[in-house]
Amino acid sequence: MISVKRIKGGTDNCYIVAEGNKAILIDTASKRNLDKVISECDKFEMKLIVLTHVHFDHAENAAELSRKYNIPVAINKLDEELFESFNKQPLKSYGLVGWGVLGMSLKVLKNTKVERPEKLIYLSDGDDLSSYGINAKIIELPGHTRGSIGVDVEGKHLFVGDELDNWIRPGVGHLYNNLDAIRKSAEKLRKLGGRTVYYGHGKPTPNREY
Ligand SMILES: [Zn+2]
């Protein structure tokens, strides 16, 4: 029986998905939340860290947690360049919410470098995580970043990173590297049908509400 634990730190979410005692961590939150994330992960036998994309508020603790639990960090290869610099994939925004979030994010993004984990592995569309104890499939969702990915757990729990967000209400991610791509990815998610959607920012909701 799968369980999902939302770890909320400020405006960031990350998630522990567990089957019995074995668990994966989806995103890692930002540095100020590290202790909170560790205290939750310590309750499980951690098998893998999946990053929906390589922005600091999702990826900043990945290298440290990877060392601590001796587990790999999985990303899509197209996001690897973001360990060098966020400027490799500039962000734009739409709407008032997007304008506010981008304003908050840009300064931090420019001044924050995410440590590249040593144990890095790559995931692409259709890869499954059953060898890590979780019945889940990877979905490529380009748009927010080029290498953004989602995790579809048992066809019930859908982790979307920042491809969709729920700052005020659920919608297409307000920050994007490629608007056309993020809209197509949102459509791909909508078509998956009945699932609970877990966002990088905001509370979970049923799918299709955006
Ligand atoms: Zn992001």
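Which residue in β3 is the bridge partner of A18? The bridge partner is A23. This is a predicted model. The briefing takes up the β1–β3 strands, then helix α5, then residue Q89.

**Strands β1, β2 and β3**

- Strand β1 covers residues 2-9, and strand β2 covers residues 12-19.
- β1 and β2 pair in the antiparallel sense, with eight bridges.
- One pairing places I7 opposite C14, its bridge partner in β2.
- Two residues separate the strands in the β1/β2 hairpin, and G10 there has a positive phi near 60°.
- Strand β3 spans residues 22-26 and pairs with β2, again in the antiparallel sense, over five bridges.
- The β2/β3 hairpin also has two residues between its strands; G20 takes a positive phi near 65°.
- β2 is mostly covered, with seven of its eight residues buried.

**Helix α5: geometry and ends**

- Helix α5 runs over residues 179-191, which is 13 residues.
- At 1.5 Å a residue, the expected span is 18 Å; the end C-alpha atoms lie 19 Å apart, so the two values agree.
- N178 caps the N-terminal end of α5. A side-chain oxygen of N178 sits 3.1 Å from the backbone nitrogen of D180.
- G193 follows α5 and has a positive phi, near 80°.

**Helix α5: buried and exposed sides**

- The buried residues of α5 are A181, I182, S185, A186 and L189.
- Viewed down the axis of α5, these buried residues fall within an arc of 140°, so they line one face of the helix.
- That buried set packs against four strands: β10 (157-159), β11 (164-165), β12 (171-172) and β13 (175-176).
- R183, K184 and K191 are exposed, on the other side of α5.

**Q89: a buried loop residue**

- Q89 belongs to the loop between β5 (73-75) and β6 (92-93).
- Its relative accessibility is 2%; buried means under 20%, so Q89 counts as buried.
- A polar atom of the Q89 side chain lies 3.0 Å from the backbone oxygen of L78.
- The Q89 side chain also reaches the backbone nitrogen of R146, at 2.7 Å.
- Leaving aside residues up to four places away in sequence, Q89 touches L78, D79, E81, L82, T145, R146, G147 and N177.
- L78 and R146 thus appear both in the contact list of Q89 and as backbone partners of its side chain.

Definitions and conventions: Residues are numbered from 1 along each chain as its sequence is written. This is a predicted model: local features need pLDDT of at least 70, side-chain atom pairs count only at pLDDT 80 or more; totals for chains, interfaces and linings use all residues. Side-chain values use heavy atoms; hydrogens and water are left out. The expected span of a helix is 1.5 Å times one less than its number of residues. Buried means under 20% relative accessible area, exposed over 50%, partly exposed in between (1.4 Å probe, protein chains only). The arc is that of the directions from the helix axis to the C-beta atoms. Contact means heavy atoms within 4.5 Å. A polar contact is a pair of N or O atoms within 3.5 Å; within protein, one must be able to donate a hydrogen and the other to accept it, and residues adjacent in sequence count only if both atoms are side-chain atoms. Two strands pair if DSSP finds at least two bridges between them.
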